[in-house]
Amino acid sequence: MAETAGSTEQDTGARRRPAPVQQGAGALAFLLAGAGVLGFVPGVTTHVDQLALLGPRSGALLFDLVRVSVLVNVVHLVVGLVGLVAARRGPRPSVRWFVGVAVVFFILFVIGVETGPHSTTNPLPVNAAATFTAILVVIVAVLGIVFLNRTGPDVVREVFVSDRPVPGADHPGPRALTAGAPSPSRHG
């Protein structure tokens with residue numbers, strides 16, 4: 001590889017284009033962080049004066065559609081910021097973040113479906129748009145894992161399966177059960 005003035009192979013390695021799963025995680029993370037911020041902005045969020053810390057009493061509506069509270073806005077903001085960091089760190093953290101987002105937003109979806117909008121036991125402001133948005137984020141996260149993950153099935157497997165053997169177990173661990181997978185070398 002020919003070097004040009006001022007660049008080295010090390011520089012070009014640092015400037016590689018992010019993997020598709022990183023780009024997808026970054027895009028979804030940006031949208032979630034943006035929604036978290038916009039949930040506090042008057043005009044974008046109507047009835048900001050009715051924004052409650054949590055619970056069904058919050059009357060604030062993001063885009064005059066999705067009910068939000070301080071808790072919901074903070075969750076969106078934190079999940080989005082964590083996703084931006086994951087997308088920057090690489091494909092594996094991006095896949096792990098997508099899995100975490102799918103789990104968190106599935107829980108929010110179940111809360112929205114199982115509790116009524118006026119239930120006093122519900123910590124979230126729920127309406128049909130908020131519940132729909134939660135399941136939409138779950139679907140996008142799963143699609144991101146399935147279609148954007150070009151790093152191979154091992155990345156997804158590593159999220160769910162550990163290389164470490166279980167102490168006291170009679171088998172050497174999950175890796176030994178995978179046909180054709182190289183065994184990790186441990187130097188100690």
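The following dialogue examines how features of a predicted model are classified.

Tutor: Because this model is predicted, local features need pLDDT of at least 70 and side-chain atom pairs count only at pLDDT 80 or more, while totals for chains, interfaces and linings use all residues. Residues are numbered from 1 along each chain as its sequence is written, and side-chain values use heavy atoms, with hydrogens and water left out.

Student: How do you know how many helices and strands the protein chain has?

Tutor: Helices (H or I, at least four residues) and strands (E, at least two) are DSSP runs, numbered from the N terminus. The protein chain has 7 helices and 3 strands, in the sequence pattern α-α-β-β-β-α-α-α-α-α.

Student: Why is Ile145 called buried?

Tutor: Buried means under 20% relative accessible area, exposed over 50%, and partly exposed in between (1.4 Å probe, protein chains only). Ile145 has 14% relative accessibility and therefore counts as buried. This residue is found in helix H5, and its C-alpha is 9.2 Å from that of Ala25, 120 residues away in sequence. Of the 188 residues in the protein chain, 34% count as buried.

Student: Why is Val146 called exposed?

Tutor: Val146 has a relative accessible area of 52%, so the residue counts as exposed. Val146 lies in helix H5, which spans residues 128–148. Its C-alpha is separated by 9.3 Å from that of Val21, and the two are 125 residues apart along the chain.

Student: What makes the nonpolar surface patch that includes Val146?

Tutor: Patches are made of residues with over 30% relative accessible area and no salt bridge (a side-chain nitrogen of Lys or Arg within 4 Å of a carboxyl oxygen of Asp or Glu). Like charges are joined within 9 Å, and nonpolar side chains (Val, Leu, Ile, Met, Phe, Trp, Tyr) within 5 Å. Here Ile139, Val142, Leu143, Val146 and Phe147 make a patch of about 460 Å². Accessible areas come from the Shrake-Rupley method with a 1.4 Å probe, and for residues only the protein chains shown count as cover.

Student: Why is Phe30 classed as exposed?

Tutor: The relative accessible area of Phe30 is 58%, so this residue is exposed. Phe30 is found in helix H2, and its C-alpha is 7.9 Å from that of Gly83, 53 residues away along the chain.

Student: What makes the phi values of His47 and Phe63 worth listing?

Tutor: His47 has a positive phi of about 60° although it is not a glycine. Phi of Phe63 is near 55°, also positive in a residue other than glycine. His47 lies in the loop between strand S1 (45–46) and strand S2 (61–62), and Phe63 in the loop between S2 and S3. At 39% relative accessibility His47 counts as partly exposed, whereas Phe63, at 56%, is exposed.

Student: What makes up the lining of the largest pocket?

Tutor: A pocket is an open set of points on a 1 Å grid over the protein atoms alone, with protein on both sides within 12 Å along at least five of seven lines, and lining residues have an atom within 4 Å of a point. The largest pocket holds about 540 Å³ of space and is lined by 26 residues, of which Leu32, His76, Phe105, Thr133 and Val137 lie nearest its centre. H5 gives the most to this lining, with 7 residues.

Technical notes:
1 Å grid on protein atoms, 1.4 Å probe; cavity = no way out; pocket = protein on both sides within 12 Å on 5 of 7 lines; lining within 4 Å. Points joined across faces, edges and corners; volume = space filled by probe spheres on them.
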